[in-house]
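Student: I would like to go through this model and ask, for each term we use, what justifies using it.
Tutor: Then let us look at the structure together and set each value against its definition.

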Amino acid sequence: MMSPASSAANPWTSYLDRFHEDHPGITEDVLSEACHVDDMNPYAWLLAVAPRNPGVVALDLACGSGPLQTAAPHLRWVGVDRSAGELSRAAKVLPRVLVRGDGQSQPFRDATFDLVACSMALMLFDPLDAVLAEIHRVLRDDGTLILLLPGSLPLSTRDRVRYVRLLAALREVRPAYPNSVHLGRLHARLRRAGLAVVSDERRCFRYPLRDEHHAQRFAESLYVPALSTERIEGAVRAARSWVGSTIGIPLRRVVCDKLMESARAPATR
Ligand SMILES: C[S@@+](CC[C@H](N)C(=O)[O-])C[C@H]1O[C@@H](n2cnc3c(N)ncnc32)[C@H](O)[C@@H]1O
């Protein structure tokens with residue numbers, strides 16, 4: 001592990017830094033147990049569109065505890081994340097190249113990576129365009145960007161009702177993130193950064209609320225920037241009342257190719 005992260009710049013940044021120091025690996029704990037009907041978890045689903053060549057040099061941007069690296073150990077990964085807590089959990093699993101740093105000033109030479117993978121983090125970057133410019137810079141000309149993002153579809157009626165109840169307990173209108181790129185105009189944002197979307201798919205994974213511990217882990221994995229113990233406890237109580245069932249986690253997988261300078265043009269979506 002090398003190099004320190006830049007200092008917290010806004011309330012969201014300090015909230016996220018504290019959240020990940022307090023809950024290292026929580027995203028991996030939840031998503032690695034969430035399954036689709038074909039038994040794939042979200043990380044396997046994302047990696048299914050990664051190049052398969054073992055020589056591929058890959059950046060795991062905002063790697064957290066490193067679930068992508070665990071799932072695809074044949075790739076030559078470098079993981080970067082702001083959180084020392086997440087990186088120390090990642091370092092316990094496999095010997096890895098891990099860098100503590102921020103997505104908006106990546107300490108890598110131009111055109112270093114064949115693949116940039118970013119799982120459950122694009123919606124956290126602020127300013128987003130600075131991070132997209134860095135992704136474009138560190139990708140090789142024929143490089144690929146793969147993204148896993150929160151989605152809102154597909155969801156069953158029962159899951160919708162449950163999310164309404166969770167959000168009511170948290171007193172939020174919708175899941176909150178520092179930027180809203182997961183909600184709309186993602187393709188246009190990416191294209192402006194020189195990244196052309198080649199596929200954009202949605203899937204719902206089911207997380208088993210096996211026992212109270214699983215219920216608590218699920219509720220605690222939600223970001224609640226207006227930090228309040230009472231609200232989080234309300235969400236934990238709601239999740240505990242569903243023990244013995246599963247809850248849907250709708251996700252989105254986006255694949256982009258790096259555009260040559262000459263092909264960069266305004267996008268419409
Ligand atoms: C929801 S977790 C996802 C972790 C992992 N990729 C996964 O899918 O399990 C988001 C991660 O983004 C990191 N992060 C947030 N903002 C960042 C930034 N500006 N630069 C680098 N890492 C960041 C957090 O520290 C955290 O580890």
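Tutor: Helices and strands here are DSSP runs, numbered from the N terminus, with at least four residues for a helix and at least two for a strand. Please also keep in mind that this is a predicted model.

Student: Where does Asp-39 lie in those terms?
Tutor: Asp-39 is placed in the loop between α2 and α3, the latter spanning 42-47.

Student: What makes the phi of Asp-39 worth a remark?
Tutor: Asp-39 is not a glycine, and yet its phi is positive, at about 75°. Most residues other than glycine have a negative phi.

Student: Which peptide bonds are cis, and where are the prolines found?
Tutor: One cis bond joins Asp-126 to Pro-127, with omega about 5°, and Pro-127 has its place in the loop between β4 (113-119) and α6 (128-138). Another joins Leu-153 to Pro-154, with omega about -10°, and Pro-154 is in the loop between β5 (139-150) and α7 (157-170). As a general rule, most peptide bonds are trans.

Student: Why is the pair of Arg-89 and Asp-29 called a salt bridge?
Tutor: The term requires a side-chain nitrogen of Lys or Arg within 4 Å of a carboxyl oxygen of Asp or Glu; the side chains of Arg-89 and Asp-29 meet at 2.8 Å, N to O, and the pair therefore qualifies. Because Arg-89 belongs to helix α5 (residues 84-93) and Asp-29 to helix α2 (residues 26-31), the pair ties together parts that are 60 residues apart in sequence. Over the whole structure, a search finds 16 salt bridges.

Student: How do you know that the ligand makes polar contacts with the backbone of Ala-62, Gly-103 and Arg-82?
Tutor: The cut-off for a pair of N or O atoms is 3.5 Å. A ligand nitrogen is 2.8 Å from a polar backbone atom of Ala-62, a backbone N or O atom of Gly-103 is 2.9 Å from a ligand nitrogen, and for a backbone N or O atom of Arg-82 the distance to a ligand nitrogen is 3.3 Å, so each of these pairs meets the cut-off. The protein covers 95% of the 600 Å² of accessible area that the ligand has on its own.

Student: Which residues come nearest to the ligand, and what classes make up the shell?
Tutor: Of the 21 residues around the ligand, Tyr-43, Ala-62, Asp-81, Gly-103 and Ser-119 come nearest, and the shell has nine nonpolar, seven polar and five charged residues.

Definitions and conventions. Residues are numbered from 1 along each chain as its sequence is written. This is a predicted model: local features need pLDDT of at least 70, side-chain atom pairs count only at pLDDT 80 or more; totals for chains, interfaces and linings use all residues. Side-chain values use heavy atoms; hydrogens and water are left out. A residue is near a molecule or strand if one of its heavy atoms lies within 4 Å of it. A polar contact is a pair of N or O atoms within 3.5 Å; within protein, one must be able to donate a hydrogen and the other to accept it, and residues adjacent in sequence count only if both atoms are side-chain atoms. Accessible areas come from the Shrake-Rupley method with a 1.4 Å probe; for residues, only the protein chains shown count as cover. Ala, Val, Leu, Ile, Met, Phe, Trp, Tyr, Cys and Pro count as nonpolar, Asp, Glu, Lys and Arg as charged, and the others, Gly among them, as polar.
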